[in-house]
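Please look through the sequence and the model below before reading on. The paragraphs after them are meant to be followed with the structure in view.

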Amino acid sequence: MLALTSYFFISTTFPDCYWLFSKTKYNLFLLSMGKNITKVTTTFQFCDGGSCQKAKGEIAVREARAYLRNAGLWEDTHTIKTRCNGRCEDAPTWIVQPGNFWYKNVTPEKAVTILKAHIEENQPATEHLLYQEGWSTLATENEKTLPLPVFKPQNDSVYGEVLVARAFASDQHLYPLFQYFFQEPKPIGIQVGEAPIVDLVQPHQVVYRDAYEIEVKGAQVQFSLAIAAIPKDIAVPIAERKVSIAEVVWLKKKAIFTKAIRLKNKKGKHLVTFWIKEEDQRTWEHVLRVYLAMAPDQIRVEEVVNTTL
Ligand code: FES
């Protein structure tokens, strides 16, 4: 009450003093918004990506933060929520620095054990670790593997006998591929829908319009594709240009273009096809290595077993 009275008196009588007073006074009660990271000795990175949220990771995070505050450790530690750490099969996951210690299946009970181990004992809670530097294998029983693309023989109505590998159709794979083709143009042909093939000679821009749609802009071709997950209630034209199927097609017949990456929507409609010339070994090897995860000298081809007698 006394403080308020003086405050009013000063503010009306000496406006300049009031500001000086109020600022000085006010600052006495302020807590810095930014963390003073010079004091931080341990950083806990909590994953709050989709799988970790589903696995109730937030409860462990709340427990951890409450413990750190109550134990007076808030200034010496830092907690950060991250997006997916790439180990969804072991959700919820945490990473602790320094040391690059990875934890798996973190429950509220494990949370405090992990904090105490690092802060009080300066060592990891080994029984809950997924990985620590120097380990050559992960401590997990949840390893999931994705089948790698394999070329399979097919008979195409237009191109006859071909080998087709079902490839990755996610933005994580398609966006880098687009950047590779368009940033410094590769000697490929682009076919938008069923339009004639355009020989790419100029660089084009590949830009994200929003979270799921990219636009290729340049002097030679312009098109948009949705390459990431789209909302369920999205407008029909955008849903129609959502890439759901990606195939690498290897034509048997001799022609200028003998390999192609075909992007289709879920109804099988051709959206865009990238054509690779027979002599363009460099682009083909990049596609094999980076896009299909195949060494050019170890191409995976499904063996055809003839069962007819
Ligand atoms: S969402 Fe947490 S590791 Fe993927």
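What follows goes from confidence and overall make-up to the nonpolar cores.

This is a predicted model, in which local features need pLDDT of at least 70 and side-chain atom pairs count only at pLDDT 80 or more, while totals for chains, interfaces and linings use all residues. Residues are numbered from 1 along each chain as its sequence is written. The pLDDT, the predictor's confidence in each residue on a scale from 0 to 100, averages 89 over the protein, and 88% of the residues score at least 70. Over residues 1–24, however, the pLDDT is below 50, and this stretch has four contacts in the model beyond near neighbours in sequence; two residues are in contact if their C-beta atoms, placed from the backbone, lie within 7 Å.

The secondary structure comes to eight helices and 15 strands, taken as DSSP runs numbered from the N terminus (helices H or I, at least four residues; strands E, at least two). Of the 309 residues, 24% count as buried, that is, they have 20 or more other C-beta atoms within 10 Å of their own.

The largest nonpolar core, a set of buried Ala, Val, Leu, Ile, Met, Phe, Trp, Tyr and Cys residues joined through C-beta atoms within 7 Å, has 33 residues, of which Leu225, Val243, Phe274 and Leu292 touch the most other members. Elements giving two or more residues to this core include helix H6 (171–182), strand S12 (223–226) and helix H8 (281–291), but the largest share, five residues, comes from S15. Leaving aside neighbours within four places in sequence, Val243 has contacts that include Leu174, Leu225, Leu263 and Leu271. Apart from this core lies another, of 22 residues, among them Ala64, Leu68, Val96 and Leu115.

Notes: A residue is buried if 20 or more other C-beta atoms lie within 10 Å of its own, exposed if 12 or fewer, and partly exposed in between; C-beta atoms are placed from the backbone.
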